[in-house]
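Please open the structure in your viewer and keep the selection tool at hand. The tour below moves from one selection to the next and states what is found at each stop.

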Amino acid sequence: MPAFPAEEEPTTDEPTGRADAYEAVFSALAHPARRRVLLTVYFNGGSMAAGEIAAMFAHSWQTTTRHLQVLEVAGLLSSERQGRSRIYRLQRRRLDLITQWLAHFSSGPGHQNATKENT
């Protein structure tokens, strides 16, 4: 599983590592089932066993496993073995990338013009 720069400061030229992290996160979130997995884990306290997650979905175990792997590679979930179970945990710091990226649209160029047009 690749490691992404979790504490790298954003820059205007977005270094390759950070751009790859954005790509991984937004690609993982592009699928509605993966967004639902994240919400399910979030609303269950931030961690769940793989079997509990799979029980929430109508698709096959293989499909669930594939979605979990994509989320893990993107850094949105982490997992660890506990006995015979695999526990998935939400990685809130990785989710912060989304908030940081969206913050660009709440201030700066275009924001003031859009506000004036809506009044």
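In this tour a residue is called exposed when its relative accessible area is over 50%, buried when it is under 20%, and partly exposed in between. The model on the screen is predicted.

**The whole chain**

Begin with the entire chain in a cartoon view. It contains six helices and three strands. Followed along the sequence, these elements come in the order α-α-β-α-α-β-β-α-α. Of the 119 residues in the chain, 29% are buried. Now consider the contacts in the chain with a separation of 6 or more: residues 24 or more positions apart account for 51% of them. If you switch to a surface view, the chain exposes about 7,800 Å², and carbon and sulfur atoms supply 53% of that area.

**Helix α2**

Next, select residues 32-43, which form helix α2. This helix has 12 residues, and its first and last C-alpha atoms are 16 Å apart, close to the 16 Å expected at 1.5 Å a residue. Colour A33, R34, V37, L38, T40 and V41, the buried residues of α2. Seen down the helix axis, these buried residues fall within an arc of 160 degrees, so they line one face of α2. After α2 comes G45, which has a positive phi, near 90 degrees.

**Helix α4**

Move on to residues 61-73, the range of helix α4. Its 13 residues should span 18 Å at 1.5 Å a residue, and the distance of 18 Å between its end C-alpha atoms agrees with this. The residues T63, T64, H67, L68, L71 and E72 are buried in α4. Two of them deserve a separate stop.

Select T63. Its relative accessible area is 19%, and T63 therefore counts as buried, since the cut-off is under 20%. Add A33 to the selection: A33 and T63 are 30 residues apart along the chain, and their C-alpha atoms are separated by 9.8 Å.

Then select H67, also in helix α4. Which residues is H67 in contact with, if its neighbours within four places in sequence are left aside? They are H31, A33, R34 and H59. Among these, A33 and R34 also belong to the buried residues of α2. H67 itself is buried, with a relative accessible area of 7%.

**Just after α4**

Continue to A74, in the loop between α4 and β2, the latter covering residues 77-82. Is A74 buried or exposed? A74 is buried, with a relative accessible area of 2%. Select E23 as well: in sequence A74 and E23 are 51 residues apart, while their C-alpha atoms are 8.6 Å apart in space.

G75 is another stop just after α4, and it takes a positive phi of about 85 degrees. Add R93, which is 18 residues away from G75 along the chain; the distance between the two C-alpha atoms is 9.0 Å.

**A salt bridge**

Show the side chains of R89 and E80. Side chains of opposite charge can pair when their charged atoms come close. R89 and E80 form a salt bridge, in which the closest N and O atoms are 2.9 Å apart. The count of salt bridges comes to one. Both partners are partly exposed: R89 has a relative accessibility of 29%, and E80 has a relative accessible area of 36%.

**Helix α5**

Select residues 92-103, helix α5. It has 12 residues and reaches 16 Å from its first C-alpha to its last, close to the 16 Å expected at 1.5 Å a residue. Which residues are buried in α5? R94, L97 and I98 are buried there. They cover an arc of only 90 degrees around the axis, which puts them on the same side of α5. Rotate the view to the other side of the helix, where R93 and T99 are exposed. For R93, the relative accessibility is 52%, and R93 accordingly counts as exposed.

**A nonpolar surface patch**

For the last stop, select F26, W101, L102 and F105, which make a nonpolar surface patch of about 390 Å². F105 is located in the loop between α5 and α6, where α6 covers residues 111-117. With a relative accessibility of 55%, F105 counts as exposed.

Note on methods. Residues numbered from 1 in each chain as written. Predicted model: local features only at pLDDT ≥ 70, side-chain atom pairs only at ≥ 80, totals over all residues. Heavy atoms only, no water. Helix = DSSP H or I, 4+ residues; strand = E, 2+ residues; numbered from the N terminus. Expected span 1.5 Å × (residues − 1). Buried < 20%, exposed > 50% of the residue type's maximum accessible area, 1.4 Å probe, protein only. Arc of directions from axis to C-beta. Contact = heavy atoms within 4.5 Å. Patch = residues over 30% accessible without salt bridge, like charges linked within 9 Å, V, L, I, M, F, W, Y side chains within 5 Å. Areas by Shrake-Rupley, 256 points an atom, 1.4 Å probe, with all protein chains shown as cover. Salt bridge = Lys/Arg side-chain N within 4 Å of Asp/Glu carboxyl O.
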